[in-house]
Amino acid sequence: MTPGQITPAEPAAQPGPPVRLVDMVFPGDTNHHGTLFGGVALAHMDKVAFLAASRHGRAPFVTAASEKIDFAAPAHEGDMVEVTGRVVRVGASSLDVEVELVAEAPVSGERRLCTRGRFAMVARKGPDTRLPLPPLAAPPGAHGDAKEDVDGHGGAPLRILDMVFPGQTNHYGTLYGGDALRMMGKAAFIAATRHVRQVLVMASSDRIDFVAPIVEGDIVELVAQVKMTGRSSVRVAVELWSEGVLTGERRCAASALFTLVSVNREGRPLPFSIPSA
């Protein structure tokens, strides 16, 4: 792609591409008011800041500071929370990530900004750390067309990032199959709920193929897409990808197909109010 022709000056740097984590607010994450603990919200935000920094710099990052953390609205039990981070400043060995946490009501789709803040991340020096960190990219259009954010709306695939920590691994240091299935099932539920906006339960999972291990410290990306909508059921295909934090090497580790069913208060199938696809 060619630079813009209006001025010979270099275009101003723009925030990096978004990194997104989507999760559910379960009872264990809430206080006695039924709203998300502030500490859990901050943990989500710090994780997203780390993922955004790691994807940009491909270095071992640590959190140096957080600032301007404003809690504007609560996230309630049963809500989905979408946490999005963008790298907004890059120095020689540190960078800043702006993070927003938005709550979303599963059935109505109502969204509200709960909190936002900025996290300063510093690259630890070591044999695998390449400094200075790469600069921010030029604005969209200067060196190419920017990709649209993909978050599972409008039939587009839902993409969720996460991290594999020691508590999620077996004695070989690889991700438990059960934890992989939990991540994939949650991604299927979120994608299906955003598609039909009704109360859903898991009905079945088709063949699940584990083709490569995911090791401790890897980034994982879940890609979920609705494949079919029936009278009261949704089929969602989910892929689980692993990504090396420092190398960026990616490989598909697992894939599965899930069926979710809309139910009423008695647990019986409830036809959708949207056209079948």
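How many of the 20 residues of helix α2 are buried? The count is 14, so to speak a mostly covered helix. Keep in mind that this is a predicted model.

**The sheet**

A good place to start is the open sheet, where five strands line up in the order β1-β3-β4-β5-β2 with antiparallel pairing. The two edge strands are β1 and β2 (61-71); each has a single partner strand, so one side of each is left without a neighbour in the sheet. Going from one strand to the next, the twist averages 25°.

At the β2 end, β2 and β5 pair in the antiparallel sense over eight bridges. If you want a spot to look at there, find Phe71, which stands opposite Thr115 in β5.

There is another strand pair to look up as well: β6 and strand β9 (residues 219-229) are antiparallel too, and they are joined over six bridges. Here Asp162 faces Val220 of β9. Strand β6 is mostly covered, with five of its six residues buried.

**The helices**

Now for the helices that meet the sheet. Helix α1 lies across β1, β2, β3, β4 and β5, and runs at about 45° to β3. Helix α2 also packs on the sheet, where it touches β1, β3, β4 and β5, and its direction makes about 90° with that of β1.

How far apart should the ends of α2 (residues 177-196) be? At 1.5 Å a residue, its 20 residues should span 28 Å, and the end C-alpha atoms are 29 Å apart, which agrees. Just past the helix comes Arg197, with a positive phi of about 55°.

**The cores**

The largest nonpolar core has 33 residues, and those with the most contacts inside it are Phe61, Leu95, Val97, Val99 and Met121. Two or more residues each come from β1, α1, β3, β4 (94-104), β5 (111-123) and β6 (158-163). Helix α1 gives the most, with eight residues.

Take Phe61 from that list: setting aside residues up to four places away in sequence, Phe61 touches Phe50, Ala53, Ser54, Leu95, Met121, Val122, Ala123 and Leu133. A second, separate core holds 31 residues, including Ala180, Met183, Ala188 and Leu240.

**Two buried residues**

Two single residues are worth a visit, and here are their accessibility values.

| Residue | Relative accessibility | Status |
|---|---|---|
| Thr84 | 18% | buried |
| Leu36 | 14% | buried |

Thr84 sits in strand β3 (residues 80-90). Why does Thr84 count as buried? Its relative accessibility is 18%, and the cut-off for buried is under 20%. Beyond its neighbours within four places in sequence, Thr84 is in contact with Pro18, Val19, Arg20, Val48, Glu98, Val99 and Glu100. Val99 may ring a bell, as one of the residues with the most contacts inside the largest nonpolar core.

Where is Leu36? You'll find Leu36 in the loop between β1 (19-24) and α1 (38-57). Leu36 counts as buried because its relative accessibility is 14%. Not counting residues up to four places away in sequence, Leu36 touches Val25, Asp29, Thr30, Ala41, Ala75 and Val81. Leu36 and Pro74 are 38 residues apart along the chain, yet their C-alpha atoms are separated by 6.8 Å.

Notes:
Residues numbered from 1 in each chain as written. Predicted model: local features only at pLDDT ≥ 70, side-chain atom pairs only at ≥ 80, totals over all residues. Heavy atoms only, no water. Helix = DSSP H or I, 4+ residues; strand = E, 2+ residues; numbered from the N terminus. Buried < 20%, exposed > 50% of the residue type's maximum accessible area, 1.4 Å probe, protein only. Contact = heavy atoms within 4.5 Å. Core = buried A, V, L, I, M, F, W, Y, C linked by side-chain atoms within 4.5 Å. Expected span 1.5 Å × (residues − 1). Pairing = 2+ DSSP bridges. Axes fitted to C-alpha atoms, helices over the stretch in contact; angles between N-to-C directions.
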